[in-house]
Amino acid sequence: MELPPRPTLFDFHGVSMVKYFTDNWDSVQNFKARPDDILIATYPKAGTTWVSYILDLLYFGQTSPERQASIPIHERVPFLEISTPSRPSGKDLADQLPTTPRLIKTHLPVQFVPKSFWEQNSRVKPLVCEILVFGSWYDHVNGWWEKKQTYSNVHYMFYEDLIEDCGREIDRLCSFLGLSPSAEETERVTNGVTFDNMKANKMTNYSTSQVMNQKVSPFMRKGKVGDWKNHFTVAQDEQFEEDYKQKMKNPTLKFRTEV
């Protein structure tokens, strides 16, 4: 199947976007969240699928094992704002989810999230890893961090922490969600969500998706922290550090680039 051309970036209320994330805007903004919904909010390529699968296994791994084997993760955890030709919109897929809670993902900056998520006190899990789709990384991660200070149902996660000790971070996530899995169940989830297992799993590696050409760029790359060292020159690293100091103003939000 021939893939559509790469869409053009444009300014959308101060954030760089493409049409696939704005064409269904009014419908997305009118999305009716529920109190038990779980919204997985991330900047692109920051571990979205990883956390989606962790949550899916925690909630439905034992009660609905047939879903794990037959429904791709991008259908079990729909992408709220996406709207592409000839396919159901992410909003429609979210509306049709038969599960409770509904697991929904978004890359929207915090100011674009449908108001109903805040009104219904839904649970939100931001995960974070310049002019890119969905805007500046700095604005994205700082916006969600600031929301966490005023909205108690936000659990902020870091990719590096998951790499360092996935089991520990799953325990923290369960504490936030009020879940009490057995030690055996936690181990089963932790083993199931390793990078190698997810990359080999057709239900999580996006090989069933018709909108991605994985010959050009595999959806799941390396699952490592610190790979920047293989790509940045010394000068580029220095340039990034200076840019980071200027734009990462919040002293309480700290990221690691190594584990």
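Me: What does the secondary structure of the chain come to?
Reply: In this predicted model, the chain has 12 helices and 6 strands.

Me: What makes the chain as compact as a globular protein of that length?
Reply: The radius of gyration is 18 Å, and the globule rule gives 18 Å for 259 residues. The two values are close, so the chain is as compact as a globular protein of that length. Along the principal axes, the C-alpha atoms fill a box of roughly 50 × 45 × 40 Å.

Me: How many of the residues are buried, and what area does the chain expose?
Reply: Buried residues are 49% of the 259 in the chain. The exposed area is about 13700 Å², with 51% of it supplied by carbon and sulfur atoms.

Me: Why is Val128 called buried?
Reply: The cut-off for buried is under 20% relative accessible area. Val128 has 1% relative accessibility, so Val128 counts as buried. Val128 belongs to strand S5, which covers residues 123-128.

Me: How far is Val128 from Leu58?
Reply: Their C-alpha atoms are separated by 21 Å, and the two residues are 70 apart along the chain.

Me: How many disulfides does a search of the whole structure find?
Reply: The search finds 0 disulfides. Cys166 is in none, and the nearest cysteine sulfur to it, that of Cys174, is 11 Å away.

Me: Why is there no bond between the sulfur of Cys174 and the closest cysteine sulfur?
Reply: A disulfide is a covalent bond between the sulfur atoms of two cysteines. To count as one, the pair of sulfur atoms has to be within 2.5 Å. The sulfur of Cys174 is 11 Å from that of Cys166, the closest cysteine sulfur, so the distance is too far for a bond.

Me: Are Cys166 and Cys174 buried or exposed?
Reply: Set against the cut-off of under 20%, Cys166 is buried because its relative accessible area is 14%. Cys174 is buried as well, with a relative accessible area of 3%.

Me: What volume has the largest cavity, and which residues line it?
Reply: The volume is about 30 Å³. The lining consists of Thr49, Ser52, Ile73, His74, Val77, Lys105 and Tyr206. Helix H2 (48-60) and helix H4 (73-76) are the elements that give two or more residues to this lining.

Me: How do the residues of the lining of the largest cavity divide into nonpolar, polar and charged?
Reply: The lining has 3 nonpolar, 3 polar and 1 charged. Lys counts as charged, and Lys105 is one of the lining residues.

Conventions
Residues numbered from 1 in each chain as written. Predicted model: local features only at pLDDT ≥ 70, side-chain atom pairs only at ≥ 80, totals over all residues. Heavy atoms only, no water. Buried < 20%, exposed > 50% of the residue type's maximum accessible area, 1.4 Å probe, protein only. 1 Å grid on protein atoms, 1.4 Å probe; cavity = no way out; pocket = protein on both sides within 12 Å on 5 of 7 lines; lining within 4 Å. Points joined across faces, edges and corners; volume = space filled by probe spheres on them. Helix = DSSP H or I, 4+ residues; strand = E, 2+ residues; numbered from the N terminus. Rg over C-alpha atoms; globule rule 2.2 N^0.38 Å. Areas by Shrake-Rupley, 256 points an atom, 1.4 Å probe, with all protein chains shown as cover.
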